[in-house]
Amino acid sequence: MSEFERSRRMPASAEQVFERACDLDRLDEWLPGDLHVHPEELPAVTVHEDRTGHDARALLREDRDQLRLEWGTRDDDRYAGWLQVAGIDERGSEATVHLSFFGRGHTPPAALVEKSLDESLARLEEQVRGRTA
């Protein structure tokens, strides 16, 4: 199993960041650029990966009380992950994203995963900043 985690300070309340992160119509705007989430009957979703051209059946659950979004594959145990938002003060928060890949054959190169996580959190920050400006 390989695990990766990144955090980033956000210029908005935890609730605002979580609302933006969970917006199903805008997930593609902060997720890695080659991933596209297509909601079905929630928590079921399909994730399309441009790099491979494959679709994966997945689950996406949000826990608004905990400001936590969780996901993972449905048909196999290739990967799972979560986004957790924690308040710092009324105008700032921290978003942490965590990914777990199960099995050597399912783990992308570490540098690619780390870069994707950093870029995703940066895009989420840009969206939140634009929304609060």
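# A tour from the hairpin to the aromatic cluster

Begin by selecting strand 6 and strand 7, which are joined by a hairpin through 2 residues. What you have open is a predicted model, and every value given along the way is computed from it. Strand 6 covers residues 79-89 and strand 7 covers residues 92-101, and the two pair in the antiparallel sense over 10 bridges. To follow the register of this pairing, show the side chains of Gln84 and Thr96, since Gln84 stands opposite Thr96 of strand 7. Then add Gly81 and Leu99, a further couple in which Gly81 of strand 6 faces Leu99 of strand 7.

**The other side of strand 6**

Keep strand 6 on screen and add strand 5, residues 68-73. Here a hairpin again makes the connection, this time through 5 residues, and strand 5 pairs with strand 6 in the antiparallel sense over 5 bridges. Within this pairing, Glu70 of strand 5 stands opposite Trp82 of strand 6.

Stay with Trp82 and display Arg68 together with it. What sits over the ring of Trp82? It is the charged end of Arg68, 4.4 Å from the centre of that ring.

**The whole sheet**

Now colour all the strands and look at how they are arranged. The sheet is open and has 7 strands, which follow the order 1-7-6-5-4-3-2 with antiparallel pairing. Its edges are formed by strand 1 (2-10) and strand 2 (35-39), each of which pairs on one side only. Between neighbouring strands of this sheet the average turn is 20 degrees, with direction ignored.

Next select helix 1, residues 14-22, and keep the strands visible beneath the selection. Which strands does helix 1 lie across? They are strand 1, strand 4 (54-63), strand 5, strand 6 and strand 7, and the helix runs at about 155 degrees to strand 6.

**The aromatic cluster**

Return to strand 7 and select Phe101, then add Phe4 and Tyr79; these three residues form one aromatic cluster. The structure holds 2 aromatic pairs. In one of them, Phe4 and Phe101 meet edge-to-face, with 6.0 Å from centre to centre and 75 degrees between the planes. This pair links distant parts of the chain, because Phe4 belongs to strand 1 and Phe101 to strand 7, 97 residues apart. In the pair of Tyr79 and Phe101, the ring centres are 6.4 Å apart and the planes stand at 50 degrees, so this pair is tilted. Tyr79 lies in strand 6 and Phe101 in strand 7, 22 residues apart, and this pair too is one that links distant parts of the chain.

With the three side chains still selected, turn on a surface and ask whether they are buried or exposed. Phe4 has a relative accessibility of 9% and therefore counts as buried, and Phe101, at 9%, is buried as well. Tyr79 is likewise buried, as is its partner Phe101.

**Two places in the loops**

Move to the loop between strand 2 and strand 3 (44-49), which is where Pro43 is placed. Zoom in on the bond between Leu42 and Pro43: this peptide bond is cis, with omega of about 20 degrees. It deserves a moment of attention because most peptide bonds are trans, and most residues other than glycine have a negative phi.

The second part of that statement leads to the next selection, Leu67, in the loop between strand 4 and strand 5. The phi of Leu67 is near 55 degrees, a positive value in a residue other than glycine. Is Leu67 buried or exposed? Its relative accessible area is 13%, so Leu67 is buried.

**Stepping back**

Finally, clear the selections and view the protein chain as a whole, with its 3 helices and 7 strands. Traced from the N terminus on, the elements run β-α-α-β-β-β-β-β-β-α. The radius of gyration is 14 Å, close to the 14 Å that the globule rule gives for 133 residues, so the chain is as compact as a globular protein of that length. The C-alpha trace spans about 40 × 35 × 25 Å along its principal axes.

Two further values describe the chain as a whole. Of the 133 residues, 38% are buried. Among contacts with a separation of 6 or more, 51% come from residues that are 24 or more positions apart.

How values were computed:
Residues are numbered from 1 along each chain as its sequence is written. This is a predicted model: local features need pLDDT of at least 70, side-chain atom pairs count only at pLDDT 80 or more; totals for chains, interfaces and linings use all residues. Side-chain values use heavy atoms; hydrogens and water are left out. Two strands pair if DSSP finds at least two bridges between them. Helices (H or I, at least four residues) and strands (E, at least two) are DSSP runs, numbered from the N terminus. Axes are lines fitted to C-alpha atoms, for helices over the stretch in contact, and angles run from 0 to 180 degrees between N-to-C directions. Contact means heavy atoms within 4.5 Å. Rings of Phe, Tyr and Trp (its six-membered ring) pair if their centres lie within 6.5 Å; planes under 30 degrees apart count as stacked, over 60 as edge-to-face and the rest as tilted. Buried means under 20% relative accessible area, exposed over 50%, partly exposed in between (1.4 Å probe, protein chains only). A charge sits over a ring if NZ of Lys or CZ of Arg is within 6 Å of the ring centre and within 35 degrees of the ring normal. The radius of gyration is taken over C-alpha atoms; the globule rule is 2.2 Å times the number of residues to the power 0.38.
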